[in-house]
Amino acid sequence: MKKAVPIRTGTAFFISESGQLLTAAHVTNGCLKSQLNFAGAVHDVEIMGVSELLDVAMLDSGVSANRFLPMRRSADVVLGERVATAGFPLANLLANSANLTVGNVSSLRALPGSMGKFQFSAPVQPGTSGGPLISERGELIGMTTGTLNVAALAERGVVPQNVNFALSGEYIVKFVERHNGDLRWFEGDETQPNIAAVNEHLAESVAQLACYQ
């Protein structure tokens, strides 16, 4: 096993102080070993549950997390609402720090036949799969699972822009509860959020995940 060179990287995010995380299932698929790069240290992670249908996996890192993302109490997302995501794109090109992008919920549905997905416009790149999607108040409302294949569509004369997909909070809750996960709920009020503080919290709740074979 060549630990120095991962076959792929992605993003994971903490859902509670206990060190449990979520990521996309395709990030961990086929890995002999998965490792989390968080706060300047590397940690082995254990896979607690996987759904290939939903493209989500739950991990246990054994790390005590000071920052984590609480779930929106209402599973609904609102068409057009502003969202933010964070992740670790283009691992071989960019610095190893969280990249944050913003956009909006552009459709309450995704591709035909997909389950529990909606569409958002915050830009994503390879390596951001498994990253969280949060509201302006800092509520977890989804998880990045994929984007359209721009190169394939360009060959057909179509160049889509920021057509990305997320697993909805409703299905995240069902998945975590089914696997006895440790989920926290958003306890904030309706006051105007401090966007800078929300974004800082988001960036400190994510970690880079590496898959080795």
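The protein comprises four helices and 13 strands. The structure described here is a predicted model. Its overall dimensions were assessed over the chain of 213 residues. A compact globule with this number of residues would have a radius of gyration near 17 Å, and the protein, at 16 Å, therefore agrees with that expectation. Along the principal axes, the C-alpha atoms occupy a box of roughly 50 × 45 × 35 Å. Of the 213 residues, 47% are buried. Among contacts with a separation of 6 or more, 69% are formed by residues 24 or more positions apart.

The surface was then considered. About 10,500 Å² of the protein is exposed, and 50% of this area is supplied by carbon and sulfur atoms. The charged side chains number 15 positive and 19 negative, and a distance of 7 Å separates the centres of the two sets.

One disulfide is present in the structure. The bond is formed between Cys 31 and Cys 211, with an S to S distance of 1.9 Å. Distant parts of the chain are thereby linked, the two cysteines being 180 residues apart: Cys 31 is located in the loop between α1 (25–28) and β3 (33–38), whereas Cys 211 belongs to strand β13 (residues 206–212). The link between Cys 31 and Cys 211 is left-handed, with -120 degrees about the S-S bond. Cys 31 and Cys 211 are both buried.

Strand β9 (residues 117–120) contains Gln 119, and Phe 120 is also placed in strand β9. Gln 119 has a relative accessibility of 18% and so counts as buried, the cut-off being under 20%. For Phe 120 the relative accessible area is 0%, and this residue is therefore buried. When neighbours within four places in sequence are left aside, the contacts of Gln 119 are with Asn 104, Val 105, Ser 106, Ser 107, Arg 109, Val 163, Asn 164 and Phe 165. With residues up to four places away in sequence likewise not counted, Phe 120 touches Val 83, Asn 104, Val 105, Ser 106, Leu 133, Thr 144, Asn 162, Val 163, Asn 164, Phe 165 and Ala 166. Asn 104, Val 105 and Ser 106 are thus among the contacts of Gln 119 and are also touched by Phe 120. The C-alpha atoms of Phe 120 and Gly 103 lie 6.9 Å apart, although 17 residues separate the two in sequence.

Strand β12 (residues 164–168) includes Ser 168. The relative accessibility of Ser 168 is 11%, and the residue therefore counts as buried. Beyond residues up to four places away in sequence, Ser 168 is in contact with Gly 116, Phe 118 and Ile 141.

Several loop positions were also examined. Leu 90 is situated in the loop between β7 (82–87) and β8 (99–107). Its relative accessibility of 30% classes Leu 90 as partly exposed, a category that falls between the limits of 20% and 50%. With residues up to four places away in sequence excluded, Leu 90 touches Gln 125 and Pro 126. A further pairing concerns Leu 90 and Thr 128, which are 38 residues apart along the chain and have C-alpha atoms separated by 8.4 Å.

Two loop residues were characterised by their backbone conformation. Most residues other than glycine have a negative phi. In Asp 55, however, phi is positive, near 65 degrees, and in Asn 180 phi is likewise positive, near 55 degrees. Asp 55 lies in the loop between β5 (46–51) and β6 (56–60), whereas Asn 180 is found in the loop between α3 (169–178) and α4 (195–203). The surroundings of these residues were also classified by accessibility. Asp 55 has a relative accessible area of 14% and is therefore buried. Asn 180, by contrast, has a relative accessibility of 67% and so counts as exposed, the threshold being over 50%.

Methods:
Residues numbered from 1 in each chain as written. Predicted model: local features only at pLDDT ≥ 70, side-chain atom pairs only at ≥ 80, totals over all residues. Heavy atoms only, no water. Rg over C-alpha atoms; globule rule 2.2 N^0.38 Å. Buried < 20%, exposed > 50% of the residue type's maximum accessible area, 1.4 Å probe, protein only. Contact = heavy atoms within 4.5 Å. Areas by Shrake-Rupley, 256 points an atom, 1.4 Å probe, with all protein chains shown as cover. Lys, Arg positive; Asp, Glu negative; His and termini not counted. Charge placed at Lys NZ, Arg CZ, Asp CG, Glu CD. Disulfide = S-S within 2.5 Å.
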